[in-house]
Structure formats: C-alpha cells, structure tokens
Amino acid sequence: MTTENRIERRNKILKGLEKAYEKMLEFKRKNNSKVVIIREDKIVKINP
C-alpha cells in the first residue's frame, strides 16, 4: 500500500467518523438525551 493510499483511506475514515458524530448529536438533541464524554479523566454527562 502506498503512502498516498494510506492518506486517502485515513481521510475517508475521518470524514466518516465526523458524519457519525454529527448524526449522533442530532439524534441526542431530537430525543433530548445526554451525551457521555470523558473530561479530565472523569466521565461526564452533558446536554447536547
């Protein structure tokens, strides 16, 4: 696999993850539920 292919694949994966994150936030807002994240080594629930 060439370096160009790796970079291209990496970029596609990152774009897919960004879309998935946006969809998750949209779903959480729609259902008025909390998002669980890790902040400063602690698990925190926040409203989107």
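Asp41 sits in the loop between β1 and β2, and that loop is a handy place to start looking at this predicted model. The backbone of Asp41 has a positive phi of about 65 degrees, even though the residue is not a glycine. With 78% relative accessibility, Asp41 counts as exposed, because the cut-off for that label is over 50%. Glu40 lies in the loop between β1 and β2 too. Glu40 is likewise not a glycine, yet has a positive phi of about 50 degrees. That is worth a second glance, because most residues other than glycine have a negative phi. As for cover, Glu40 has a relative accessible area of 73%, so this residue is also classed as exposed.

The strands on either side of this loop make up a hairpin, with two residues between them. Strand β1 covers residues 35-39 and strand β2 covers residues 42-46; the two pair in the antiparallel sense, over five bridges. Which residues face each other across the pair? Ile38 has Ile43 as its bridge partner in β2, while Ile37 stands opposite Val44 in β2. Not much shields the second strand: β2 is hardly covered, and of its five residues the number that are buried is zero.

Stepping back to the whole protein chain, the inventory is brief: one helix and two strands. Read from the N terminus, the order is α-β-β, so the helix comes ahead of the hairpin described above. The C-alpha trace spans about 45 × 30 × 10 Å along its principal axes. Little of the chain is tucked away, with 4% of its 48 residues counting as buried. The protein chain exposes about 5000 Å², and 52% of that area is supplied by carbon and sulfur atoms.

Now for the helix. Helix α1 takes in residues 3-31, Leu14 among them. Leu14 also helps to build a nonpolar surface patch of about 280 Å², together with Ile13 and Leu17. How much of Leu14 is accessible? Its relative accessibility is 37%, so Leu14 counts as partly exposed. A residue needs over 30% relative accessible area to be taken into a patch, and Leu14 qualifies because its 37% is above that mark.

Charged side chains are plentiful on the protein chain, with 14 positive and 7 negative ones. The centres of these two sets lie 6 Å apart. For all those charges, the structure holds one salt bridge. Which side chains make it? Glu8 and Lys12 do, with an N to O distance of 3.8 Å, and the pair counts because that distance is within the 4 Å cut-off. The spacing along the sequence fits the helix: Glu8 and Lys12 are four residues apart in α1, which means that about one helical turn separates them. The two partners fall into separate accessibility classes. Glu8 has a relative accessible area of 46% and is therefore partly exposed, whereas Lys12, at 58% relative accessibility, counts as exposed.

How values were computed: Residues are numbered from 1 along each chain as its sequence is written. This is a predicted model: local features need pLDDT of at least 70, side-chain atom pairs count only at pLDDT 80 or more; totals for chains, interfaces and linings use all residues. Side-chain values use heavy atoms; hydrogens and water are left out. Buried means under 20% relative accessible area, exposed over 50%, partly exposed in between (1.4 Å probe, protein chains only). Accessible areas come from the Shrake-Rupley method with a 1.4 Å probe; for residues, only the protein chains shown count as cover. Lys and Arg count as positive and Asp and Glu as negative; His and the chain ends are not counted. The place of a charge is taken as NZ of Lys, CZ of Arg, CG of Asp or CD of Glu. Patches are made of residues with over 30% relative accessible area and no salt bridge: like charges are joined within 9 Å, nonpolar side chains (Val, Leu, Ile, Met, Phe, Trp, Tyr) within 5 Å. A salt bridge is a side-chain nitrogen of Lys or Arg within 4 Å of a carboxyl oxygen of Asp or Glu. Two strands pair if DSSP finds at least two bridges between them.
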